[in-house]
Amino acid sequence: MKYINRETGIVMDFEHKISGGDWVEFNSAQSKSVEKVQEPKAEEPVEEVEEDFDLTKMKVAELRDYAAENQIELPSEAKKEEIIEIIAEAFQG
C-alpha cells in the first residue's frame with residue numbers, strides 16, 4: 001500500500017498497513033484530491049520534495065545513505081524492508 005505524509009509530501013510503499021502521525025493512504029488515482037502539503041513557516045528552510053520519492057525503489061546502500069544524511073540510526077543487520085519502516089517511523093516523529 002502506498003502512503004503519503006501530509007506534512008512532508010513523501011510517498012512510500014509498504015507491505016503492512018501504517019497509521020498515525022501525518023501518514024494517510026495514497027491512491028495515485030486520487031492524487032489530485034490529496035490534502036495540500038502544509039506550507040513551511042517563514043523561519044524554516046524550504047526543502048523541495050520530489051513527488052515520486054519512493055523508498056522502495058532505492059537500493060539498500062542508497063537507503064543507508066539516506067538514513068545517514070537524515071541522522072536516522074539503523075541496525076547493521078537490518079534488511080531493506082526494515083530500513084524502510086525505520087525511516088518511515090523517523091519521519092512520523
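User: Are helix 1 and helix 2 roughly parallel or roughly antiparallel to each other?

Analyst: This is a predicted model, where local features need pLDDT of at least 70, side-chain atom pairs count only at pLDDT 80 or more, and totals for chains, interfaces and linings use all residues. Residues are numbered from 1 along each chain as its sequence is written, and side-chain values use heavy atoms, with hydrogens and water left out. The axes of helix 1 and helix 2 cross at roughly 25° and come within 10 Å (axes are lines fitted to C-alpha atoms, for helices over the stretch in contact; angles run from 0 to 180 degrees between N-to-C directions). Angles under 35 degrees count as roughly parallel, over 145 as roughly antiparallel, 65 to 115 as roughly perpendicular and the rest as oblique, so helix 1 and helix 2 are roughly parallel.

User: Which residues in helix 2 does helix 1 meet?

Analyst: Helices (H or I, at least four residues) and strands (E, at least two) are DSSP runs, numbered from the N terminus. Contact means heavy atoms within 4.5 Å. From helix 1, V60, L63, R64, Y66 and A67 take part; in helix 2 they meet K80, I83, I84, I87 and F91.

User: Which helix gives the most to the largest nonpolar core?

Analyst: A nonpolar core is a set of buried Ala, Val, Leu, Ile, Met, Phe, Trp, Tyr and Cys residues joined through side-chain atoms within 4.5 Å. The largest has 18 residues, and M12, F14, L55, L63, Y66 and I87 touch the most other members. Helix 1 (60–69) and helix 2 (80–92) are the elements that give two or more residues. The top contributor, with four residues, is helix 2.

User: Why is one side of strand 2 and of strand 3 left without a neighbour in the sheet?

Analyst: The open sheet has three strands in the order 2-1-3, with antiparallel pairing (two strands pair if DSSP finds at least two bridges between them). Strand 2 (11–13) and strand 3 (23–25) stand at the edges, so each has a single partner strand.

User: Which residue in strand 2 stands opposite K2?

Analyst: Strand 1 (residues 2–5) and strand 2 run antiparallel, joined by three bridges. Opposite K2 stands D13.

User: Is M1 buried or partly exposed?

Analyst: M1 lies in the segment before strand 1. Leaving aside neighbours within four places in sequence, M1 is in contact with M12, D13, F14, K17 and E25. Buried means under 20% relative accessible area, exposed over 50%, and partly exposed in between (1.4 Å probe, protein chains only). At 42% relative accessibility, M1 is therefore partly exposed.
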